[in-house]
Amino acid sequence: MKSTISLYIIVLALLMLSCDERNTATLAPEYLYNAGDQKVIKSIINNKKGTIAMLYGNDLALETAHDSLSKPNIGAHYTLVTWKQKPMPQWYGTNMNGEIYSIEHLKIVQRNETRFAFDYDFQTGKAYQPSDDRPEKQQRIEFITSQQAAVFP
Amino acid sequence: MKKPGLTFYKSAAVVLILIFVGLQISSPDIENQPVTSEIAVPANVKKILERACYDCHSNEAKVEWFDKIAPASFVVAHDVNEARSRFNFSEWDRNPAGVQELLLWEMVNAIEQGKMPLKRYQLAHPGGKVSESELAVLKKYVNTLPGRHKVDTSRIVAQTSVNHKASSQKTPVSLNGIPYSSDYKNWKIISVTDKLDGGSMRIVYGNDIMVKAIEKRELPFPDGARIVKVVWGKQAEDNDGNVLPGNFQNAQFMIKDSKKYSATEGWGFAKFDGLDLKPAGKTILFEQTCANCHRLLAPENDFVFNIPTK
């Protein structure tokens, strides 16, 4: 009798333990990107490429993105950070940013009295494969500078 | 020491029997209210829900004889009442259309994470578990819901009408006292998402305390951590596959203060809808609906979904 009772207690205890499956997640701060003082212009999803991106800019870039000025603002700096998408672990139905794929910087600089130039730079992230195509520079410049800012309250 | 005599065992047995019988008399009954508006889903989906979920989340509970014996009956009654209060397949129209869809996605997630049906129910009802292939049927179904491929085709509105703006100069405050604040525009981004259910795209900001905690891999997050999620509709995909944000939909806040918000897992929840930033919810109970879903599905992450994890 006694041994059945203790067995019962052990089984109960085990059951209770097995119910508490609260293991903690492993944080991956390496997926964060620090854009410094640059502000958000917008996010961009690309399901054909399986990526998700954030476009940041300094005040001059933001001004262009808000007013969609036809002429680029000299002194504008943009940063486009692209991540590989991954399914959100706790919610089937959302894709989120995983590992960083690329970081593109674009600066609009004064070349001489009347002209400006684009200073474009493409950096690869961990998710970038050596066999992947490099984007075409002119296309990227057009893409980045033509973006309208997302609406904020 | 003197061993307890036979009379001791006898009287102990009598007391136990009396308690047991007393429990049976006070044992709660599961009552089935009439079915007013049953959920309408394809037959193969319905079959799964009926078998695995209806005993708690509907007015058609089939209570087994062993569920009626106290003390088990108390647990069963509690579970059924709680389950019906969350959502009831027999009174499905009480949920607005958008909420119905969200609940269906939440169900898929609750099953996928092994949270539903409840473990203790699965132990007592061996047939209750939802199999992998049944989960696949449910996943396929939620992907056919209207919100899944929603595209924001309306003209993008950048500001509320001038009149309205003048009258709504006051800072909007959520029913639980959390005010809207645009501080987040200077914070760092902790996550960027494409939400397929409901069709929206989101940017999630974290304040300094939140970002530092992630960098130091500190969980649970410390008091003072703040998260703001900004939500937009999705424009139609362009030829290169790009999807850009459409209209602003809402901003959602989570503020960590383990004492002040102890009833909602240490997080204060708030949601502000539209460019007018109208605080969401009719009563303060709204915050419980927020916490219920975060509590069920993201306890490993201190109830936060949008954090970078391996």
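Accessible areas here come from the Shrake-Rupley method with a 1.4 Å probe. The exercises below concern a predicted model.

**Exercise 1. The overall form of chain B**

Task: Describe the surface, the secondary structure and the spread of chain B.

Solution:
1. The accessible surface of chain B amounts to about 16,700 Å², and 58% of that belongs to carbon and sulfur atoms.
2. Chain B holds 10 helices and 7 strands.
3. Its radius of gyration is 24 Å, whereas the globule rule gives 19 Å for 310 residues; the value is well over the rule, so chain B is more spread out than a compact globule.
4. Along the principal axes, the C-alpha atoms of chain B fill a box of roughly 85 × 55 × 45 Å.
5. Of the 310 residues in chain B, 46% are buried.
6. When contacts between residues at least 6 apart in sequence are taken, 64% of those in chain B join residues at least 24 apart.
7. Chain B carries 40 positive and 35 negative charges, and the mean positions of the two groups are 4 Å apart.

**Exercise 2. The make-up of chain A**

Task: In what order do the elements of chain A run from the N terminus on?

Solution:
1. The elements to be placed are 3 helices and 5 strands.
2. Their order in chain A is α-β-β-α-β-β-β-α.
3. As for burial, 45% of the 153 residues of chain A count as buried.
4. Among chain A contacts between residues at least 6 apart in sequence, 48% link residues at least 24 apart.
5. The surface that chain A exposes is about 8,800 Å², with carbon and sulfur atoms supplying 53% of it.

**Exercise 3. The surroundings of B:Asn88**

Task: Is B:Asn88 buried or exposed, and which side chain does its own side chain join in a polar contact of 2.9 Å?

Solution:
1. B:Asn88 sits in the loop between helix H4 (72–86) and helix H5 (97–112) of chain B.
2. Its relative accessible area is 6%, and buried means under 20%, so B:Asn88 is buried.
3. The partner in the 2.9 Å polar contact is the side chain of B:Asn59.
4. A polar atom of the B:Asn88 side chain also lies 2.8 Å from the backbone nitrogen of B:Ser90.
5. With neighbours within four places in sequence left aside, B:Asn88 is in contact with B:His57, B:Ser58 and B:Asn59.

**Exercise 4. B:Val130 and the cis peptide bonds**

Task: Locate B:Val130, list its contacts, and identify the residues joined by cis peptide bonds.

Solution:
1. B:Val130 belongs to the loop between helix H6 (119–124) and helix H7 (132–142) of chain B.
2. With a relative accessibility of 9%, B:Val130 counts as buried.
3. Beyond its neighbours within four places in sequence, B:Val130 is in contact with B:Ile48, B:Arg51, B:Ala52, B:Ile111, B:Pro117 and B:Leu135.
4. B:Gln159 is 29 residues from B:Val130 in sequence, and the two C-alpha atoms are 47 Å apart in space.
5. B:Pro117, one of the contacts of B:Val130, is joined to B:Met116 by a cis peptide bond with omega of about -10°. B:Pro117 lies in the loop between H5 and H6 of chain B.
6. Another cis peptide bond, with omega of about 5°, joins B:Ala70 and B:Pro71. The loop between helix H3 (54–57) and H4 holds B:Pro71.

**Exercise 5. Positive phi angles**

Task: Where do B:Glu265 and B:Phe303 lie, and is each buried or partly exposed?

Solution:
1. B:Glu265 is not a glycine, yet its phi is positive, at about 60°.
2. B:Glu265 is placed in the loop between strand S5 (245–256) and strand S6 (267–273) of chain B.
3. A relative accessible area of 29% makes B:Glu265 partly exposed.
4. B:Phe303, also not a glycine, has a positive phi of about 70°.
5. B:Phe303 is found in the segment after helix H10 (286–297) of chain B.
6. At 6% relative accessibility, B:Phe303 is buried.

**Exercise 6. A residue touching both chains**

Task: Which residues does B:Thr193 touch, apart from those up to four places away in sequence?

Solution:
1. B:Thr193 is part of strand S1 (residues 188–195) of chain B.
2. B:Thr193 is buried, its relative accessible area being 3%.
3. From chain A, B:Thr193 touches A:Ile45, A:Ile52, A:Met88, A:Thr94, A:Asn95 and A:Met96.
4. From chain B, the residues touched by B:Thr193 are B:Met201, B:Arg202 and B:Asn306.

Technical notes:
Residues numbered from 1 in each chain as written. Chains lettered and ligands numbered in written order. Predicted model: local features only at pLDDT ≥ 70, side-chain atom pairs only at ≥ 80, totals over all residues. Heavy atoms only, no water. Helix = DSSP H or I, 4+ residues; strand = E, 2+ residues; numbered from the N terminus. Rg over C-alpha atoms; globule rule 2.2 N^0.38 Å. Buried < 20%, exposed > 50% of the residue type's maximum accessible area, 1.4 Å probe, protein only. Contact = heavy atoms within 4.5 Å. Lys, Arg positive; Asp, Glu negative; His and termini not counted. Charge placed at Lys NZ, Arg CZ, Asp CG, Glu CD. Polar contact = N/O pair within 3.5 Å; in protein donor to acceptor, adjacent residues only side chain to side chain.
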